[in-house]
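Please open the model in your viewer and keep the selection tool at hand. The stops below follow one another, and each says what to select and what is there.

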Amino acid sequence: HLVGRAMIRRTRGERIFNICNVTVLGVVALMALYPFVYTISMSLSSAAEAMRSGLHLYPRDISLTSFEMVLANPDIVSGFINSILRTVSGTALTLFFTCLTAYPLARKELPHRGALLFLILFTMIFSGGIVPNYLLIKNIGLIDSIWALILPHMLTAFNVIVMKNFFQSIPESLAESAKIDGASEINILARIYVPLSKPVLATVGLWTAVSHWNQWFDAMLYITNDENQVLQTFLQRIVIESSVEMIEQGLVDPNVTQFTPETIKAATVVVTVLPMLLIYPFVQKYFVKGIMLGGVKE
């Protein structure tokens, strides 16, 4: 009887905990979601609706003028294309060279494997800094080139360690069987390890793509021509500049009145984050599995 009452009390406590947990997490989720909802609402609102005080959960007076002004600007269009080119090329090169680096490190027969791992981990703690990096990019002639945005981020120690640990979780008997059949190391990597590593490839690819897509500071340092500039740098300029400066730079049409600086900023933000939101659902199923398996230690 006492055990039954204890179980009932414990069950009631669990129910109360679940209710409190769902309530708190729901409030936190709403707090995190509202800025995004607010931005979408502002981007679709007319000037009068944008200047209305209070919550903006949905646009009461819909206007697409802000999107028309943003998408009609040649700098925004070229920046969007440059960002896509940077993200696609940078992600593909990162996955390729990370696989080539992680595979030999995952093989225990690699000579001086411990020393090589130490050198890779060393780069996670110490770096040259902004000035040496800029001088390096300048001396090799990459200023105002998209390669200045891709090559420095092509290979990172963290991605190499994650992929190496995932490769080590693959049974070595598969590689040994392939060697008996005459397969080379490249064939083993391409035909066995890579097909079995879709979760970690999707995870590292997503990390890299999001990082490239959100980067703006390196483009501000290394890119001097607006035709080669990325979208995020234009977004950074628009967010911190006033409507007068935007009109002077040709970012908006002064004859159109169905917009405000806030709606222009909101529309630019939506255009910037939309591609990542469209890609994420397709790699989400691999994301958690790739992190868990890639984090297994030796």
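Begin with the second largest pocket of this predicted model, which has a volume of about 210 Å³. To find it, select T87, V88, A209, M276 and I279, which are the closest to its centre among the 14 residues that line it. Then colour the helices α4 (74-106), α11 (198-214) and α15 (261-294), since each of them supplies at least two residues of the lining of this second largest pocket. Which helix gives the most to that lining? It is α11, with six residues. If you colour the lining of the second largest pocket by class, you will find eleven nonpolar residues, three polar residues and no charged ones.

Stay with α11 and select the whole helix. Its 17 residues should span 24 Å at 1.5 Å a residue, and the distance between its end C-alpha atoms is 24 Å, which agrees with that expectation. Is α11 largely enclosed or largely open? Twelve of its 17 residues are buried, so the rest of the structure largely encloses this helix. To see them, select P199, V200, L201, A202, T203, V204, G205, L206, T208, A209, H212 and W213, which are the buried residues of α11. A209 appears here as a buried residue, and A209 is also one of the residues closest to the centre of the second largest pocket.

Next, narrow the selection to H212, which lies in helix α11. Its relative accessibility is 4%, and because buried means under 20%, H212 counts as buried. Now show what surrounds H212: apart from its neighbours within four places in sequence, it is in contact with R86, T87, G90, T91, L149, I150 and H153. Two of these partners connect the stops of this tour, for T87 is among the residues closest to the centre of the second largest pocket, while H153 is among those closest to the centre of the largest pocket.

Follow H153 to that largest pocket, where about 790 Å³ of space lies. Of the 24 residues that line the largest pocket, S127, N133, P152, H153 and L155 are the closest to its centre, and they make a convenient selection for centring the view. The helices to colour here are α5 (113-125), α6 (130-139), α8 (157-168) and α12 (217-222), each of which supplies at least two residues of the lining. By class, the lining of the largest pocket holds 16 nonpolar residues, seven polar residues and one charged residue.

Leave the pockets now and turn to the charged side chains. Side chains of opposite charge can pair when their charged atoms come close. There are five salt bridges in the structure, and a good place to start is R107, which counts as buried at 10% relative accessibility. R107 forms a salt bridge with E109, the closest N and O atoms being 3.0 Å apart, and E109 counts as partly exposed at 48% relative accessibility. R107 also meets the side chain of E185 in a salt bridge, at 3.1 Å from N to O. This second pair links distant parts of the chain, with R107 in the loop between α4 and α5 and E185 in helix α10 (residues 185-196), 78 residues apart.

Add K179 to the selection, because its relative accessibility of 37% makes it partly exposed, and show its salt bridge with E185, where the N to O distance is 3.1 Å. Salt bridges that share partners thus join R107, E109, K179 and E185 into one network. E185 itself counts as partly exposed, at 34% relative accessibility.

For the next stop, select A175, which lies in helix α9 (residues 172-180). Is A175 buried or exposed? It is buried, with a relative accessible area of 0%. Leaving aside neighbours within four places in sequence, A175 is in contact with R107, I188 and Y193, and R107 brings you back to the network just visited. The C-alpha atoms of A175 and E185 are separated by 8.5 Å, the two residues being ten apart along the chain.

Finally, zoom out to the whole protein, which has 15 helices and zero strands. Of its 298 residues, 36% count as buried. Among the contacts with a separation of 6 or more, 72% are between residues 24 or more positions apart.

Technical notes:
Residues are numbered from 1 along each chain as its sequence is written. This is a predicted model: local features need pLDDT of at least 70, side-chain atom pairs count only at pLDDT 80 or more; totals for chains, interfaces and linings use all residues. Side-chain values use heavy atoms; hydrogens and water are left out. On a 1 Å grid over the protein atoms alone, a cavity is a set of points where a 1.4 Å probe fits but cannot get out, and a pocket is an open set with protein on both sides within 12 Å along at least five of seven lines; lining residues have an atom within 4 Å of a point. Grid points are joined across faces, edges and corners, and a volume is the space filled by probe spheres set on the points. Helices (H or I, at least four residues) and strands (E, at least two) are DSSP runs, numbered from the N terminus. Ala, Val, Leu, Ile, Met, Phe, Trp, Tyr, Cys and Pro count as nonpolar, Asp, Glu, Lys and Arg as charged, and the others, Gly among them, as polar. The expected span of a helix is 1.5 Å times one less than its number of residues. Buried means under 20% relative accessible area, exposed over 50%, partly exposed in between (1.4 Å probe, protein chains only). Contact means heavy atoms within 4.5 Å. A salt bridge is a side-chain nitrogen of Lys or Arg within 4 Å of a carboxyl oxygen of Asp or Glu.
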